[in-house]
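Dear colleague,

I am passing on the structure we spoke about, with some notes for reading it for the first time. Please look through it before you go on to the text below.

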Amino acid sequence: MSSEQVLGRIRAALDHDAPRSARTASTVDRLARPPEHPLPARARRPAEELVHQFVAIQSGLGVDLIEVGSPADIPPAIEGYLLGLGLACRLRHGSDPLLVALPWSASPHLVVDIGAARDGDPVGLSRAVAGVAETGTLALASGADNPVTLGFVPDTHIVVLRADTIVGSYEAACALVRAAFDGAMPRTLNLVTGASRTGDIGGKIVMGAHGPRRLAVILIRGVV
């Protein structure tokens, strides 16, 4: 098939020859009612099975999983995690309402800063909008609530995730993101599967090549 034939099919699918108003209406309708795509069996399991599957994949990727019953349990869980690894008990998070409202004062060893990550920050804390059980992936939306730098600058990245936001597919995760942003999409949506690593040079795995060397997920099991 020639390139012109390929492009011709694309133009036809995009209603290239239709009036602009018709193409705009078609686009709006597609966004409002996106087509359903075939999903593998692992993305169509019951909710609790999806949570177990997500946890299993994350564990296999070397992610540290920390389960808590409520948001109030997050500060002591982070404090214990960092102390247990001998890491600096200093972290930075954005203005996410859930994170700002946590009882940080109950964990005296923790020093908490707010804002985008800075050079030298040892730990970044973010909240994921969703988790994708199909691949064990975190959906992290950018914004003042959760600055994207928190997941790339510090050596350790900790992500808070509600168990009830773990879904089967990327399509379902994007729907949660749109709902969180009133139907729109954030400027950046980072899909993170495990800590940063590469094997490009000599086939040797190197951690932290493009981001954090260590990733931990705090899974809130209770209702938020």
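What follows is an account of what was found, going from the whole chain to its core and then to single residues.

Please keep in mind throughout that this is a predicted model. The protein has six helices and twelve strands, and its C-alpha atoms fill a box of roughly 65 × 45 × 35 Å, taken along the principal axes. Buried residues make up 38% of the 224 residues, while the accessible surface comes to about 12,300 Å², with carbon and sulfur atoms supplying 56% of it. Among the contacts with a separation of 6 or more, 70% are between residues 24 or more positions apart.

The interior may be the best place to begin. The largest nonpolar core has 21 residues, and those with the most contacts inside it include Ile74, Ile78, Leu82, Leu125 and Ile158. Strand S1 (64–68), helix H4 (74–84), helix H5 (97–100), strand S4 (123–127), strand S7 (156–162) and strand S12 (214–220) each supply at least two residues of this core, and the largest share, five residues, comes from H4. Apart from this core lies another, of 18 residues, among them Val55, Val159, Ala195 and Leu215.

Within H4, the residues Ile74, Pro75, Ala77, Ile78, Glu79, Tyr81 and Leu82 are buried, and the buried residues of this helix pack against S1, strand S2 (90–93), H5, S4, S7 and S12. Ile158 touches Ile78, Tyr81 and Leu82, and its other contacts include Leu125, Ala216 and Ile218. Just after H4, Gly86 takes a positive phi of about 70°.

A search of the whole structure finds eleven salt bridges, of which three are described here. In one of them, the side chains of Arg42 and Glu134 meet at 3.8 Å, N to O; Arg42 lies in the loop between helix H2 (20–32) and helix H3 (47–60), and Glu134 in the loop between strand S5 (130–132) and strand S6 (137–141), so the pair ties together parts that are 92 residues apart in sequence. Arg42 counts as partly exposed, at 38% relative accessibility, whereas Glu134 counts as buried, at 16%.

Another salt bridge joins Arg221 and Glu67 at 3.1 Å, N to O, and this pair links the segment after S12 with strand S1, 154 residues apart. In a further one, the closest N and O atoms of Asp113 and Arg92 are 4.0 Å apart. Asp113 is in strand S3 (residues 111–114) and Arg92 in strand S2, and salt bridges that share partners join Arg90, Arg92, Asp113 and Asp121 into one network.

Some single sites also deserve a look. Thr165, in the loop between S7 and strand S8 (166–167), is buried, with a relative accessible area of 10%, and its side chain reaches the backbone oxygen of Arg162 at 2.7 Å. Asp182, in the loop between helix H6 (170–180) and strand S9 (189–192), is exposed, with a relative accessible area of 76%, and has a phi near 55°, a positive value in a residue other than glycine. Finally, Val6, Leu7, Ile10 and Leu14 form a nonpolar patch on the surface, with about 350 Å² of accessible area together; Val6 lies in helix H1 (residues 3–13).

With best wishes

Note on methods: Residues numbered from 1 in each chain as written. Predicted model: local features only at pLDDT ≥ 70, side-chain atom pairs only at ≥ 80, totals over all residues. Heavy atoms only, no water. Helix = DSSP H or I, 4+ residues; strand = E, 2+ residues; numbered from the N terminus. Buried < 20%, exposed > 50% of the residue type's maximum accessible area, 1.4 Å probe, protein only. Patch = residues over 30% accessible without salt bridge, like charges linked within 9 Å, V, L, I, M, F, W, Y side chains within 5 Å. Areas by Shrake-Rupley, 256 points an atom, 1.4 Å probe, with all protein chains shown as cover. Core = buried A, V, L, I, M, F, W, Y, C linked by side-chain atoms within 4.5 Å. Contact = heavy atoms within 4.5 Å. Polar contact = N/O pair within 3.5 Å; in protein donor to acceptor, adjacent residues only side chain to side chain. Lists of a residue's contacts leave out its neighbours within four places in sequence.
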